[in-house]
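Q: Please take a close look at one part of this model, and then show me how that part sits within the whole. Short sentences would help.

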Amino acid sequence: MSDDLLRLSGAALAERLAAGDTSSVEATQAHLDQIAAVDGDVHAFLHVDAEGALAQAADVDRRRASGATLHRLAGVPIAVKDVVATAGLPTTAGSRLLAGWVPPYDATLITRLRAAGLPILGKTNMDEFAMGSSTEHSAFGPSHNPWDLDRTPGGSGGGSAAAVAAFEAPLAIGTDTGGSIRQPAAVTGTVGVKPTYGGVSRYGLIALASSLDQAGPVTRTVLDAAMLHELIGGHDPLDSTSIDAPVPALVDAVRDADVRGVRVGVVRELGGEGYQPGVRSRFDEAVGLLADAGAEVVEVSCPHFDYALAAYYLILPSEASSNLARFDAMRYGLRVVPETGAAGGVPSAEDVMLATRAAGFGAEAKRRIILGTYALSSGYYDAYYGSAQKVRTLISRDFEQAFTRVDVLVSPTAPTTAFRLGEKLDDPLAMYLNDVATIPANLAGVPGLSLPSGLAEEDGLPTALQVLAPATADDRLYRVGGALETMLLDRWGGPLLDRAPALTAQPQQVPA
Amino acid sequence: MISYDEALEHFEPVIGLEVHVELGTVSKMFCGCATTFGADPNSQVCPTCLGLPGSLPVMNGKAVESAIRIGLALGCDIAGWCRFARKNYFYPDMPKNFQTSQYDEPIAVEGSTEVVMPDGSTVRVDIERAHMEEDTGKSLHVGGATGRIHGASHSLVDYNRAGIPLVEIVTKPVIGPDSKAPEVARAYVAHLRELLLALGVSDVRMEQGSLRCDANVSLRPRSGGPQQPLGTRTETKNVNSLRSVERAVRHEICRQAEVLLAGGTITQETRHWHEDTGITTPGRSKEQAEDYRYFPEPDLVPVAPSTQWVEHLRQTLPEPPGLRRARLAGEWGFSELEMRDTVGAGALELVESTVASGAAPQAARKWWLSELSRRARAAGLELSELQVSPQQVAELQGLVDAGRVNDTLARQVLDGVLAGEGSPEQVVVARGLEVVSDDAALTEAVDQAIADHPDVAAKVREGKVAASGALIGAVMKQLRGQADAARVRELVLQRLS
């Protein structure tokens, strides 16, 4: 019974709840039990809020019993990446600097989750301040890939992807600055969507790079992603960059799932060299399925994508160096007071800031803060930040041009399957290359969806395909993603995750 | 130090002024927090103005409107599209460790304004730019001798001020006033105050910091002629009264002249102004200046005021203070001196409202500039803070004009109004202050006085009219001042003729 509840998609669980076949308390408890059983191995969660989740679940059950009209996802539990501010729940962004910090306010998307009655199971692990592609840069230890515990679940949102892949939660929230939703989804066999920039409020997201960050759904099915996306999306007056227009009909697009006549562009620059053979073969097969279903497949070139990674690693660190300046020990978070000040005697505020930041930030955060500080410095601004912005404009133009010829673009989501823990930790450039295919969408603000395309023949690990659409045309992601998912499930004879090895069912210590 | 005259003998001073104006908006620049001055520390804060992780700014439309109106009133071009930037530096009273400010894309550029000097002449000051930014919190350094950070044992930070909207108005170098530079600096700031008050965008109280001034001064040798480049400037920060602006500029001219005459050079630096001693001391030099790493603020969208909106704001600007003064002086028949005194006393609006309520201009001026100014001074209040409205002053003058109270009684009526006893009419009734205008009653009092002072009465009868004063005094005393002295005099002379 319990395992049955865990393997249900969010939509299917919602139907059971609506039909009265199960209760939210029962479903929530089942997921809490699963967390207790497997999270010692997976380490998807930094904080589990059993009490709060069960209280929300009981409230939804009570309201349902009284005949109240509820949101269609009411009572379906969810995990939230620890970069999202949750009132009363610790929010660390994976950093020692914020260990124990409890925000006094909710992010807008949390307000919407709470209002819709989704029990929040807890906060998921991530690379510190979302800087990384493996979750190894978390100050609280790495997460593990449920497909192979010696491998990373990707990053920065490895925790959310691993939680969903390990059936610890049917739904999760991630954030994607350069691929942090899509790349973890790709290497864990789950679905992840980065909405159009401005499509989901950023209010309450601890900012990494303000012009790139976007929150979105992490799920096991395309339909679940659409439902969650519709719930958290839409205009928010608290975010100036939020789009003041209704969210497109995403769930309808999934259910329609008709790709006849849809023009699909395969991006020449995102494939070939540097992409693992198994990733390429699964990608080619998936594109073949789309063509079989009546889509018009063509190859398109986006020549400036080759410069995306370089531009990204100037823009992101520049914005991050400024966004992370507020962590200075003056008002909240870690405070390290040195014995004496730099000038001797009592340490000054500046001494405390220095000591705290030195002790609080991990190596990757420091690397990017230094990079960004340098790129914005007078005399270097034009050559670095300025040039990167020009490249960004060129990448946007590449997208615009491509979308005059095709309705969506497709590429492998990540160049490789999940890599081993520690494999790239000392090689930042190799780590950065994981996001080579996902970064262009962030630079241009266009939406992207990643869904599993199969298992690579050489290692038996999940591979994935991403669909990219023009800004505000997020529905196209779901139309194409929904259709492809249906055909792949047919071919596989069931969800890909059914093929993942069983995790130890030994009860583990519940994370605090 | 050398004298001002000696400094002027060798050098021509050039000044520039940067004025920060705190806008009087109800809420802050980027959040909904209140902006009330003097509230309990850290009682007007929220996640956004505290810079909590995840918080975001949203622009205050009213602040943008005020900035545009200031720009228009200073004759500036208003940008059709402009942005905010982040000015990055670490300081505990700055919650995000960057200030959201306009940098290379200000809302208003290239203006000019005519400053009226105390002698009535005008000086044109060119405006470089006016841009929007947010204020920082306020640090209170405890334990040191002077409230400065040096020697303090700890500091307290109040973030109520963090995020209050500011407009910074920057002049171009003011070349030409020469020896008058200190007076021009003062007159410019006074002019700006008047202009901002007329716009209603700020309460411009320098003592509360809602108008703060940085004064730039440089010197160039007389021998070099007018085509030579400007000298190295210093920027004296936070000169926060009109008098200090003038003093600080004058001091800095003398100080720089002394350095230069001794063969030294001026360091480009910021300087601190010391109100008590009247001197400036070095702050941060250009070499020590921080690299602010400005870049466009990605959390805000660009500001793109529509032409229609800007034109609407232009059409609805108040009359420029100079023109308005000239017009009112003409309408009221005030001399130049009377007008200047009225403006100087901060009574222009009050006199205008009093006249609008029916009082004669000269009468209105007298009330506000003499009796009411005296009372405001005694109470340590601004004229506008007195508990009497222009309408009440006009009503009081109406009572005088109708002969219902005389000057002495009018002052007593004013006492009542200021004490909160109601309108002048109500005070007259309640206190029984009306003059006795019943001739029968007056005649009775006059006869009584004649009877009481037969010797005086005899003198008057003999034609010594001047002696009647004693009789009038007696009548007034008997009626406790509540009589029209002129009418009493008429009656006395009539009875004794």
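A: Start with strand β5 of chain B, residues 108–116. In this predicted model, 8 bridges join β5 to strand β6 of chain B, residues 122–134. The two strands run antiparallel. One facing pair is easy to find: Ala108(B) stands opposite Ala130(B) in β6(B).

Now follow the turn. β5(B) and β6(B) form a hairpin, with 5 residues between the strands. Look there for Gly120(B), which takes a positive phi near 95°.

Next, move on to the other partner of this story. β6(B) is also joined to strand β9 of chain B, residues 165–171. Here there are 7 bridges, and again the strands run antiparallel. Find Ile127(B) in the model; Thr171(B) in β9(B) stands opposite Ile127(B). So much for the strands themselves.

Step back to the chain around them. Chain B has 16 helices and 14 strands. The domain assignment splits chain B into domain 1 (4–313), domain 2 (319–405) and domain 3 (439–495). By their C-alpha centres, domain 1 of chain B and domain 2 of chain B lie 33 Å apart.

What about overall form? The C-alpha trace of chain B spans about 95 × 55 × 55 Å along its principal axes. Its radius of gyration is 30 Å, whereas a compact globule of 497 residues would have one near 23 Å. Of those 497 residues, 41% count as buried. Contacts tell another part of the story. Take the contacts in chain B between residues at least 6 apart in sequence: 68% of them join residues at least 24 apart.

Chain A gives a useful second view. It holds 17 helices and 11 strands. Its C-alpha trace spans about 70 × 55 × 45 Å along the principal axes. The radius of gyration of chain A is 22 Å, which agrees with a compact globule, because 512 residues packed that way would give a value near 24 Å. Buried residues make up 61% of the 512 residues in chain A. For contacts in chain A between residues at least 6 apart in sequence, 76% join residues at least 24 apart.

Finally, see where the chains touch. On one side are 25 residues of chain B, in contact with 33 residues of chain A. The chain B side of this contact has 16 nonpolar, 4 polar and 5 charged residues.

Technical notes
Residues are numbered from 1 along each chain as its sequence is written. Chains are lettered from A and ligands numbered from 1 in the order in which they are written. This is a predicted model: local features need pLDDT of at least 70, side-chain atom pairs count only at pLDDT 80 or more; totals for chains, interfaces and linings use all residues. Two strands pair if DSSP finds at least two bridges between them. Helices (H or I, at least four residues) and strands (E, at least two) are DSSP runs, numbered from the N terminus. The radius of gyration is taken over C-alpha atoms; the globule rule is 2.2 Å times the number of residues to the power 0.38. A residue is buried if 20 or more other C-beta atoms lie within 10 Å of its own, exposed if 12 or fewer, and partly exposed in between; C-beta atoms are placed from the backbone. Two residues are in contact if their C-beta atoms, placed from the backbone, lie within 7 Å. Ala, Val, Leu, Ile, Met, Phe, Trp, Tyr, Cys and Pro count as nonpolar, Asp, Glu, Lys and Arg as charged, and the others, Gly among them, as polar. Domain bounds come from an automatic or database domain assignment.
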